[in-house]
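Here is a short report on one protein chain. Look over the sequence and the structure first, then read on.

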Amino acid sequence: MCHFFPCPDITPPVICDLECKPGEECKFEDVVCVSPPCDPVKVCSPVRCEEDLRTCPDGSTVGRNPEHMCHFFPCPDITPPVICDLECKPGEECKFEDVVCVSPPCDPVKVCSPVRCE
């Protein structure tokens, strides 16, 4: 009776830890195998982003930035609204404040802050 040898367990390494340039990412790539088992090798390859576009408030469009984890490029600067119309407590005034921006564009927000005497 003929028996087959068991197949080797080929599990690729889990962590791809190459230091790649901006706009590149570490990936595992299969190699031409002469004498199995052959593990995939670590390579730096260009980041491939979705090709969708974001429409900016001014009507222009921006694509994704492969050097910034495929986030959209920022929209052109837009002048924030001139009127800060929050009703604030006495001793406070309405001001525009920049926010921590996770997904640009992020407009400043209206806040009440203490009046500073100059």
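## An exposed partner

D85 counts as exposed, because its relative accessibility is 52% and the cut-off for exposed is over 50%. The model is a predicted one.

D85 forms a salt bridge with K110. Their closest N and O atoms are 2.6 Å apart. This pair links distant parts of the chain. K110 sits in strand β8, residues 109-114. D85 sits in the loop between β6 (71-72) and β7 (92-97). The two residues are 25 apart. K110 is partly exposed, at 34% relative accessibility.

## Overall build

The protein chain has eight strands and zero helices. Read from the N terminus, its elements run β-β-β-β-β-β-β-β.

The protein chain has 118 residues, and 13% of them count as buried. The exposed area of the chain is about 10100 Å². Carbon and sulfur atoms supply 56% of that area. Now take the contacts between residues at least 6 apart in sequence: 23% of these join residues at least 24 apart.

## Salt bridges

How many salt bridges are there by the rule used here? The count comes to five. Side chains of opposite charge can pair when their charged atoms come close. The K110 and D85 pair is one of the five salt bridges. Two others follow.

R64 pairs with D52 in a salt bridge, with 2.7 Å between the closest N and O atoms. R64 lies in strand β5 (residues 64-65), while D52 lies in the loop between β2 (41-46) and β3 (54-55), so the salt bridge ties together parts twelve residues apart in sequence. R64 has a relative accessible area of 25%, so R64 is partly exposed. D52 is also partly exposed, because its relative accessible area is 33%.

E25 and K27 meet through their side chains in a salt bridge, at 3.4 Å from N to O. E25 is partly exposed, with 30% relative accessibility. K27 is partly exposed as well, with 35% relative accessibility.

## A buried serine in β8

Is S113 buried or exposed? S113 is buried, because its relative accessible area is 14% and the cut-off for buried is under 20%.

S113 belongs to strand β8. Leave out residues up to four places away in sequence, and S113 touches G91, E92, E93 and K95. Strand β8 also holds K110, the salt-bridge partner of D85.

## Disulfides from the segment before β1

The structure holds eight disulfides. A disulfide is a covalent bond between the sulfur atoms of two cysteines. Three of the pairs are described here, beginning with C16 and C26.

C16 is joined to C26 by a disulfide, with an S to S distance of 1.7 Å. This pair links distant parts of the chain, ten residues apart. C16 is in the segment before β1 (24-29), and C26 is in strand β1. The torsion about the S-S bond is about -70°, so the C16 and C26 disulfide is left-handed. C16 is partly exposed, because its relative accessible area is 22%.

C20 and C44 form another disulfide, with their sulfur atoms 2.1 Å apart. C20 lies in the segment before β1 and C44 in strand β2, so this disulfide ties together parts 24 residues apart in sequence. Its S-S torsion is about -85°, so the C20 and C44 disulfide is left-handed. C20 counts as partly exposed, at 24% relative accessibility. C44 is partly exposed too, with a relative accessible area of 32%.

## A right-handed disulfide

Which hand does the disulfide of C33 and C38 have? The torsion about its S-S bond is about 75°, so this disulfide is right-handed. The S to S distance between C33 and C38 is 2.0 Å.

C33 is partly exposed, with a relative accessible area of 35%. C38 is partly exposed at 26% relative accessibility.

Key. Residues are numbered from 1 along each chain as its sequence is written. This is a predicted model: local features need pLDDT of at least 70, side-chain atom pairs count only at pLDDT 80 or more; totals for chains, interfaces and linings use all residues. Side-chain values use heavy atoms; hydrogens and water are left out. Helices (H or I, at least four residues) and strands (E, at least two) are DSSP runs, numbered from the N terminus. Buried means under 20% relative accessible area, exposed over 50%, partly exposed in between (1.4 Å probe, protein chains only). Contact means heavy atoms within 4.5 Å. Accessible areas come from the Shrake-Rupley method with a 1.4 Å probe; for residues, only the protein chains shown count as cover. A salt bridge is a side-chain nitrogen of Lys or Arg within 4 Å of a carboxyl oxygen of Asp or Glu. A disulfide is a pair of cysteine sulfur atoms within 2.5 Å.
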